[in-house]
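Q: I am new to this structure and would like a close look at a single part of it. Could you take the positive surface patch and set it in its surroundings?

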Amino acid sequence: MDIYIRKILDDNKHLFGTIKNIKKINKGFTNLLYIVNNKFVIKICFNKENEENFKNEINFYKFNGNNSYIPKLYAYFISSSKNDYSYEILEKIDGYTIYHIWHTLSEKQRKEIIKELVNLMKSFHTHRKTVLDWSNYIIDKLKVNFHKCYQLNLFFLKEKSKLEFILNHISPYLNSYDFCLVHADIHFDNLLLTKNNKLKIIDFETSLYAPMDYELDIFLRMCRNPWKYASKEDEQFIKIEDYKNIKKYLKEFYPDIFLINHFNIRSKIYDLEYNLRLLSKFPNDLKLKKDIKDIINKLFLKLQKRTVN
């Protein structure tokens, strides 16, 4: 990879100018990051299985080039063989993640950040397009990931039976016809505050056109369990009470998301899909397995009650 980074530097001399310093950042399992001249970020997709997600991020940058909430994309390359790697050259954001500073802020400052976050979300959500059958999309993901878990003997027939009941009854709650562009991975490690107090967001590999409420899936999960997406460096700063008012602020500044039909049931369904996907990758996580069983039981009872009524 050292040879390849040298090639990237040579191919983009006009952009970098004189190379004064270059620093490798260890982050993630699919990409390598390098900081050049403390001004540019080179992001290399070294995992070929992640190529499509990486292309998705490049397309997001190209489509939102004038959006002031995202870093500038200076250059990119899309791999066409096994011997090279896709990469991006991005603006380096000079600031700190929201995780890193949240514990230092007053409640008034926190509320202002959530207000600006809503403006950030809306800057993406103005882009509209209907691209898929949302109900089938989510149900198919549930089926695939539960099957993986079941094949690993992580659940009994009782859970299988309950999930089959859920799958047979959730379609009316997931039906959606209004789609917008969502980031789909908003949490405090992907949000940065610059030294000029400007909010920025990074990492667009999972962005897609989806119902608006899908934007809050990961973000509300972070509010319930703030440690989930934090770096090891920032875990020490987290106190659950610092996150208790975030949902209230979201409801105040973006009520439309919470007015989507069946919001609470849909959130549970998204939560179940996410956790099943995670458990199929980390089958020894007993807490995750317990959380999934709790969600299945709650959804089963709720849907069963509605079906009877």
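A: A good place to begin is Lys268, which has a relative accessible area of 31% and is therefore partly exposed. The model is a predicted one, and in it Lys268 has its place in helix H13, the element that runs through residues 263–281. Together with Lys298, Lys302, Lys305 and Arg306, Lys268 forms a positive patch on the surface. Helix H14, made of residues 286–308, gives the most to this patch, contributing four residues.

Helix H13 also takes part in a salt bridge, and here the setting is buried. Glu273 pairs with Lys141, with 3.9 Å between their closest N and O atoms. Because Lys141 lies in helix H6 and Glu273 in helix H13, this pair ties together parts that are 132 residues apart in sequence. Lys141 and Glu273 are both buried, whereas Lys268 of the patch is partly exposed. Helix H6, which covers residues 134–151, holds Ser135 as well, and Ser135 counts as buried because its relative accessibility is 1%. From Ser135 to Asn21 the distance is 49 Å, C-alpha to C-alpha, with their positions 114 residues apart in sequence.

The pairing of Lys141 with Glu273 has company, since the structure holds 20 salt bridges. In general, side chains of opposite charge can pair when their charged atoms come close. One of these bridges joins the side chains of Asp94 and Lys195, at 3.8 Å from N to O. Asp94 sits in the loop between strands E5 (87–91) and E6 (95–97), and Lys195 in the loop between strands E8 (191–194) and E9 (199–201), so this pair ties together parts that are 101 residues apart in sequence. Asp94 is partly exposed at 43% relative accessibility, while Lys195 is exposed, with a relative accessible area of 62%.

Another bridge stays within one helix: the side chains of Asp217 and Arg221 meet at 2.6 Å, N to O, and both residues belong to helix H9 (residues 216–224), four residues or about one turn apart. Asp217 is buried at 9% relative accessibility, and Arg221 is buried as well, at 4%. Elsewhere, Lys43, Glu57, Asp203 and Glu205 are linked in a network of salt bridges.

To place these parts in the whole, the protein chain has 14 helices and ten strands. Its radius of gyration is 21 Å, close to the 19 Å given by the globule rule for 309 residues, so the chain is as compact as a globular protein of that length. Buried residues make up 49% of the chain's 309 residues.

Methods. Residues are numbered from 1 along each chain as its sequence is written. This is a predicted model: local features need pLDDT of at least 70, side-chain atom pairs count only at pLDDT 80 or more; totals for chains, interfaces and linings use all residues. Side-chain values use heavy atoms; hydrogens and water are left out. Patches are made of residues with over 30% relative accessible area and no salt bridge: like charges are joined within 9 Å, nonpolar side chains (Val, Leu, Ile, Met, Phe, Trp, Tyr) within 5 Å. Accessible areas come from the Shrake-Rupley method with a 1.4 Å probe; for residues, only the protein chains shown count as cover. A salt bridge is a side-chain nitrogen of Lys or Arg within 4 Å of a carboxyl oxygen of Asp or Glu. Lys and Arg count as positive and Asp and Glu as negative; His and the chain ends are not counted. The place of a charge is taken as NZ of Lys, CZ of Arg, CG of Asp or CD of Glu. Helices (H or I, at least four residues) and strands (E, at least two) are DSSP runs, numbered from the N terminus. Buried means under 20% relative accessible area, exposed over 50%, partly exposed in between (1.4 Å probe, protein chains only). The radius of gyration is taken over C-alpha atoms; the globule rule is 2.2 Å times the number of residues to the power 0.38.
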